[in-house]
Amino acid sequence: MGIIMQARNITKVYKVGGIEVKALYNASFVLEEGTLTIILGPSGAGKSTLLNVIGGMDVPTYGSLEVEGVEVSRFTERELAKYRREKIGFVFQFYNLMPNLTALENVELATELKKNAKNPRSALASVGLAEREKNFPGQLSGGEQQRVAIARAVAKNPTILLCDEPTGALDYETGKEVLALLEKEAHEEHKTVVIVTHNSALSRFGDHLIKLKNGQIITDRQIKNPKPIEDIDW
Ligand SMILES: Nc1ncnc2c1ncn2[C@@H]1O[C@H](COP(=O)(O)OP(=O)(O)O)[C@@H](O)[C@H]1O
Ligand SMILES: [Mg+2]
């Protein structure tokens, strides 16, 4: 399996009212194709900052981010927009669906700007929602809305799928179903999947664990025998 991303000494400093907040400090790691990475850490550890930098939604203050051999940290705004559109799928904690579009229209909208996008109906079917395509988000449960959001992200056919606390608003069983879907994207569709969570029970779930604390990576290791989500309890 090839290396898809290499982060070197990424530091992110936010300046708020004259005060500097070091949200991320000297983060270096490698992500491999077709793997599931768990980024674990308490609230305020810098998880979202790291995910936003990886996803081209934010730029590092220092350091370098190389994706498929290309230096993303030097991209212009325009190149970053292209990077987000072509390479990245994003799944958020609160789904972020368009409330006035149906499930299918939400997925279609995401695929419109993408050349090698998947069929929106197939994407919805792959998350078990073929029958709900005409429903608006308000007519779907939280878990169903998150599945639409996953369909929307994967329909773009991104190289990297980034998920920020994707089960944070879901109940236990529904959360597990969503995690199983994301694992499938990594291991069957060969996407590079990154899941941010504060749930330490997930430290044995992925292939790769990165732990963050106070903006620094304190653990970075491959998981030799990852557990299927059915065998994990919290
Ligand atoms: N846009 C921002 N402006 C100022 N400070 C920020 C911003 N985003 C995050 N931070 C600060 O950076 C630190 C890490 O935040 P974040 O990445 O959101 O952590 P996590 O996702 O792990 O909870 C926190 O102290 C937070 O207050
Ligand atoms: Mg966060």
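Which residues are buried in α1? In this predicted model, the list runs to Lys47, Thr49, Leu50, Leu51, Val53 and Ile54. That makes six of the eight residues of α1, so the helix is largely enclosed by the rest of the structure. Just after α1 comes Gly56, with a positive phi near 70°.

Stepping back to the whole chain, the protein has six helices and 10 strands. Its radius of gyration is 17 Å, close to the 17 Å that the globule rule gives for 234 residues, so the protein is as compact as a globular protein of that length. Taken along the principal axes, the C-alpha atoms fill a box of roughly 50 × 40 × 40 Å. Some 39% of the 234 residues count as buried. Looking at contacts with a separation of 6 or more, 69% of them link residues 24 or more positions apart.

Next comes the interior. In soluble globular proteins, nonpolar side chains tend to be buried together. Here the largest nonpolar core holds 57 residues, and Val107, Ala151 and Val194 are the ones that touch the most other members. Helix α5 (residues 142-155) is the biggest giver to this core, supplying seven residues. As for Ala151, leaving aside residues up to four places away in sequence, its contacts are Val107, Ala123, Leu124, Ser126, Val127 and Leu129.

Then there is ligand 1. Around it sit Tyr14, Val16, Val21, Ala23, Gly41, Ser43, Gly44, Ala45, Gly46, Lys47, Ser48 and Thr49. Three elements give two or more residues each to this shell: β1 (3-16), β2 (19-32) and α1 (47-54). The top contributor is α1, with three residues. By character, the shell splits into five nonpolar residues, six polar and one charged. Two of the shell residues, Lys47 and Thr49, also turn up among the buried residues of α1.

Finally, strand β9 (residues 208-213) has two distinct faces: His208, Ile210 and Leu212 are on the covered one, while Leu209, Lys211 and Lys213 are on the uncovered one. This strand pairs with β3 (residues 36-40) in the parallel sense over four bridges, and in that pairing Leu40 stands opposite Lys211. With β10 (residues 216-222), β9 pairs in the antiparallel sense over six bridges; there, His208 has Gln222 as its bridge partner. β9 and β10 make a hairpin with two residues between them, and Asn214 in the turn has a positive phi of about 45°.

Notes: Residues are numbered from 1 along each chain as its sequence is written. Chains are lettered from A and ligands numbered from 1 in the order in which they are written. This is a predicted model: local features need pLDDT of at least 70, side-chain atom pairs count only at pLDDT 80 or more; totals for chains, interfaces and linings use all residues. A nonpolar core is a set of buried Ala, Val, Leu, Ile, Met, Phe, Trp, Tyr and Cys residues joined through C-beta atoms within 7 Å. A residue is buried if 20 or more other C-beta atoms lie within 10 Å of its own, exposed if 12 or fewer, and partly exposed in between; C-beta atoms are placed from the backbone. Two residues are in contact if their C-beta atoms, placed from the backbone, lie within 7 Å. A residue is near a molecule or strand if its C-beta atom, placed from the backbone, lies within 6 Å of it. Ala, Val, Leu, Ile, Met, Phe, Trp, Tyr, Cys and Pro count as nonpolar, Asp, Glu, Lys and Arg as charged, and the others, Gly among them, as polar. The radius of gyration is taken over C-alpha atoms; the globule rule is 2.2 Å times the number of residues to the power 0.38. Two strands pair if DSSP finds at least two bridges between them.
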